[in-house]
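Work through the exercises below with the sequence and the model open. Each task is followed by a stepwise solution.

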Amino acid sequence: MTRPLDTISTFFTENSKTGGGGTNIVNVILVDFRGFDTLGEITVLGIAALGIYKLIARMRLYMPSSDDNGLAWSEDRHPILLAVISQSLLPLALLVSAYIFLRGHNMPGGGFIAGLITSVAIIQQYVAHGVEWIKTRIKLDYQIMIGSGIGIATLSGLGSWVFGHTFLSSWFDYFYLPVIGKFELASAMVFDLGVYLTVVGATMLILANLGQLTTSERPIQKEHD
């Protein structure tokens with residue numbers, strides 16, 4: 001009963017703008033005050049995605065020729081209307097993802113939710129067009145994307161050592177351009193970019209390969225002698 005009523009939330013509320021350069025307290029906590037925790041979390045996410053991928057590579061599934069009632073599947077697996085709409089929505093979804101990413105330090109958003117939006121947009125292309133169509137147009141190595149995301153996030157923390165600060169200490173300042181006006185640049189955006197790449201890579205590594213289990217493009221685990 002005699003303990004003070006103040007909590008640690010008071011510290012974050014008072015120091016979010018002055019210490020982290022952002023008004024989105026949640027994002028500032030994730031990429032600044034507790035950036036090391038977030039780095040560990042995206043590392044675990046990447047490892048989990050790689051583990052699931054390895055498990056998928058050993059699965060052997062085959063597409064049945066009909067449903068439970070004996071009716072054959074429709075030959076029109078990728079309706080033209082869905083294909084056209086999905087292609088039209090892809091650039092819009094990527095634009096929204098970029099907007100959500102850039103506003104994350106001061107408003108709801110950030111690398112994590114932007115990564116999920118991008119992943120959903122790409123998964124929609126898989127559903128609308130099929131794996132074979134995607135393979136010839138989207139040449140992304142999701143495992144490399146995961147490694148790049150974790151690497152960028154780590155390097156953003158190592159960069160603070162160059163300037164004599166502790167690991168993952170962030171920097172921010174305000175600049176002015178004639179057309180754009182006043183805007184803020186924060187080193188935490190580099191860390192958030194690492195989060196974004198890791199989320200996209202991990203999500204797509206899992207979902208895209210799950211959708212390929214019954215196709216000729218399914219992942220294969222090489223057998224060693």
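## Exercise 1: A serine in a helix contact

Serine 119 contacts Val199, Val200, Thr203 and Met204, once neighbours within four places in sequence are left aside. The model is a predicted one.

**Task.** Place serine 119 in its element, and decide whether serine 119 is buried or exposed.

**Solution.**
1. Serine 119 sits in helix H5.
2. Its relative accessibility is 2%. Buried means under 20%, so serine 119 counts as buried.

## Exercise 2: H5 against H8

**Task.** Describe how helix H5 and helix H8 pack, and which residues make the contact.

**Solution.**
1. Start with the general rule: an angle between axes and a distance between axes describe two packed helices.
2. Helix H5 spans residues 111-129 and helix H8 spans residues 188-210. They pack at about 30 degrees, with their axes 8 Å apart.
3. The crossing of H5 past H8 is right-handed.
4. H5 contributes Gly111, Phe112, Ala114, Gly115, Leu116, Thr118, Ser119, Ile122, Ile123 and Tyr126. From H8 come Asp192, Val195, Tyr196, Val199, Val200, Thr203, Met204, Leu207 and Ala208.
5. By class, the contact residues are 13 nonpolar, 5 polar and 1 charged.

## Exercise 3: The aromatic pair

**Task.** Find the aromatic pair and state its geometry.

**Solution.**
1. The structure has 1 aromatic pair.
2. Its partners are phenylalanine 101 and tyrosine 196. The ring centres are 6.0 Å apart, and the planes meet at 65 degrees. Planes over 60 degrees apart count as edge-to-face, so this pair is edge-to-face.
3. Phenylalanine 101 belongs to helix H4 and tyrosine 196 to helix H8. The pair therefore ties together parts 95 residues apart in sequence.
4. Phenylalanine 101 has 16% relative accessibility and counts as buried. Tyrosine 196, at 18%, counts as buried too.
5. Beyond four places in sequence, tyrosine 196 touches Ser97, Phe101, Gly111, Ala114, Gly115 and Thr118.

## Exercise 4: The nonpolar cores

**Task.** Which residues of the largest nonpolar core touch the most other members, and which helices supply the core?

**Solution.**
1. The largest nonpolar core has 22 residues. Ala49, Tyr126, Tyr142, Ile146, Tyr196, Met204 and Leu205 touch the most other members.
2. Helix H3 (35-56), helix H4 (80-103), H5, helix H6 (131-135), helix H7 (142-162) and H8 each give at least two residues.
3. H8 gives the most, with 8 residues.
4. Another core of 9 residues lies apart from it. Val31, Ile42, Leu168 and Val199 are among its members.

## Exercise 5: Helix H2 and the loop before it

**Task.** List the buried residues of helix H2, then examine glycine 22.

**Solution.**
1. Helix H2 covers residues 25-33, where Asn27, Val28, Ile29, Val31 and Asp32 are buried.
2. These buried residues pack against helix H1 (8-20), H3 and H8.
3. Glycine 22 lies in the loop between H1 and H2. Its relative accessible area is 0%, so glycine 22 is buried.
4. Neighbours within four places aside, glycine 22 contacts Ser16, Lys17, Val28, His105, Asn106 and Glu184.
5. The C-alpha atoms of glycine 22 and glycine 104 are 8.7 Å apart, across 82 residues of chain.

## Exercise 6: The whole chain

**Task.** How many helices and strands does the chain hold, and in what order do they run?

**Solution.**
1. The chain holds 8 helices and 2 strands.
2. From the N terminus, the order is α-α-α-α-α-α-α-β-β-α.
3. Of the 225 residues, 35% are buried.

Notes:
Residues are numbered from 1 along each chain as its sequence is written. This is a predicted model: local features need pLDDT of at least 70, side-chain atom pairs count only at pLDDT 80 or more; totals for chains, interfaces and linings use all residues. Side-chain values use heavy atoms; hydrogens and water are left out. Axes are lines fitted to C-alpha atoms, for helices over the stretch in contact, and angles run from 0 to 180 degrees between N-to-C directions. Helices (H or I, at least four residues) and strands (E, at least two) are DSSP runs, numbered from the N terminus. A crossing is left-handed if the near helix is turned anticlockwise from the far one by less than a right angle, and right-handed if clockwise. Contact means heavy atoms within 4.5 Å. Ala, Val, Leu, Ile, Met, Phe, Trp, Tyr, Cys and Pro count as nonpolar, Asp, Glu, Lys and Arg as charged, and the others, Gly among them, as polar. A nonpolar core is a set of buried Ala, Val, Leu, Ile, Met, Phe, Trp, Tyr and Cys residues joined through side-chain atoms within 4.5 Å. Buried means under 20% relative accessible area, exposed over 50%, partly exposed in between (1.4 Å probe, protein chains only). Rings of Phe, Tyr and Trp (its six-membered ring) pair if their centres lie within 6.5 Å; planes under 30 degrees apart count as stacked, over 60 as edge-to-face and the rest as tilted.
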